[in-house]
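Student: I have a structure to go through with you, and I would like to understand the reasoning behind its labels. Could we start with the surroundings of the ligand?

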Amino acid sequence: MIRVAAGGVSVDIDGHRIVADAALAAEPGTLVGLIGPNGSGKSTLLRTVYRALRPVAGRILLDAEDVWSLSPRDSARRTAVVLQDDTGEFAFSVREVVELGRVPHRGLLDHGRAADAGIVERALADTGVVHLADRMVATLSGGERQRVFLARALAQEPRLLVLDEPTNHLDVRAQIELLEMLSDLPVTVVAALHDLNLAAAYCDRVHVLADGQPVAEGPADEVLTPELIRAVYGVDARCTTNPLTGRRAVHLAALTPEPHVLEDHP
Ligand code: ADP
Ligand code: MG
């Protein structure tokens with residue numbers, strides 16, 4: 001587990017400021033959500049955290065170390081990543097994909113030690129995919145595949161796990177399973193999430209981005225208010241308590257119903 005403290009992070013791409021003065025903070029072992037509309041800069045900010053995109057300003061500290069002072073390999077030993085729509089390893093078996101998680105820990109001439117096999121088996125077991133170990137990744141359902149990519153990330157024995165919209169394409173059961181798993185992991189987790197109800201129910205804290213700018217940060221049930229949702233998404237919302245879980249529930253409605261469109265196009 002590791003503490004994440006990022007501040008003043010700005011990213012320019014092709015002369016455009018994509019992320020401006022953003023922050024991201026996660027206490028060790030907590031699950032922190034990054035939310036905001038499409039194009040608000042979530043993926044870009046996450047890339048700076050897993051050392052794939054260098055910010056033009058700001059610092060990303062993992063405990064006391066600046067991510068950008070680490071080598072790529074040292075960063076990979078601390079931080080594992082699960083990306084949305086990861087399609088790179090379809091031609092491999094599940095076990096082979098999970099074994100790739102060990103690569104940052106191996107020496108040059110050291111091809112898979114016995115200790116690594118134990119770690120791989122544990123990652124397969126912890127994510128419930130032991131029965132899929134010999135299947136080709138290409139043959140899996142979306143939910144199964146996402147668990148395999150999580151298993152690969154866990155085999156990396158990270159202290160920080162970064163996920164970019166991990167619940168995309170998952171059915172409701174698989175979404176809940178994934179978020180339950182993430183909130184129980186003894187690892188610091190930062191996840192970009194689209195679903196405000198999942199964020200409200202499972203995140204210890206959330207950061208909200210709009211147009212590359214940080215607009216709010218705090219405990220999910222304090223931050224995800226109707227006012228914020230209206231301001232950031234332009235959608236009317238009401239928040240209640242989910243009677244089944246006792247957690248905050250977000251109900252959404254279109255802000256501006258457009259009857260004229262229907263009248264114009266009968
Ligand atoms: P989000 O993940 O919140 O949907 P992104 O971080 O993917 O947002 O993108 C933020 C903005 O940056 C978008 O307007 C996107 O088009 C732009 N952007 C991201 N990556 C690039 C790139 N490599 N080149 C040009 N524009 C980019
Ligand atoms: Mg994104």
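Tutor: Gladly. In this predicted model, helix H1 (residues 42-49) gives the most to the shell around ligand 1, with 3 residues.

Student: What makes Ile 13 and Pro 37 residues around ligand 1?

Tutor: A residue counts if one of its heavy atoms lies within 4 Å of the molecule. Ile 13 and Pro 37 are among the residues around ligand 1, and so are Gly 39, Ser 43 and Thr 44.

Student: Why is the pair between Thr 44 and ligand 1 called a polar contact?

Tutor: The cut-off is a pair of N or O atoms within 3.5 Å. An N or O atom in the side chain of Thr 44 is 2.5 Å from an oxygen atom of ligand 1, so the pair qualifies. Ser 43 also passes, because its polar side-chain atom lies 2.8 Å from a ligand oxygen. With Gly 39 the partner is a polar backbone atom, 2.7 Å from an oxygen atom of ligand 1. The protein covers 57% of the 560 Å² of accessible area that ligand 1 has on its own.

Student: How does the shell around ligand 1 divide by residue class?

Tutor: Into 3 nonpolar, 6 polar and 1 charged. Gly counts as polar, so Gly 39 and Gly 41 are in the polar class.

Student: And the largest pocket: what makes Ala 201 a nonpolar residue of its lining?

Tutor: Ala 201 is one of the lining residues nearest the pocket's centre, and Ala counts as nonpolar. The lining divides into 6 nonpolar, 4 polar and 3 charged residues. H7 gives the most to this lining, with 4 residues, and the pocket's volume is about 230 Å³.

Key
Residues numbered from 1 in each chain as written. Chains lettered and ligands numbered in written order. Predicted model: local features only at pLDDT ≥ 70, side-chain atom pairs only at ≥ 80, totals over all residues. Heavy atoms only, no water. 1 Å grid on protein atoms, 1.4 Å probe; cavity = no way out; pocket = protein on both sides within 12 Å on 5 of 7 lines; lining within 4 Å. Points joined across faces, edges and corners; volume = space filled by probe spheres on them. Helix = DSSP H or I, 4+ residues; strand = E, 2+ residues; numbered from the N terminus. Polar contact = N/O pair within 3.5 Å; in protein donor to acceptor, adjacent residues only side chain to side chain. Areas by Shrake-Rupley, 256 points an atom, 1.4 Å probe, with all protein chains shown as cover.
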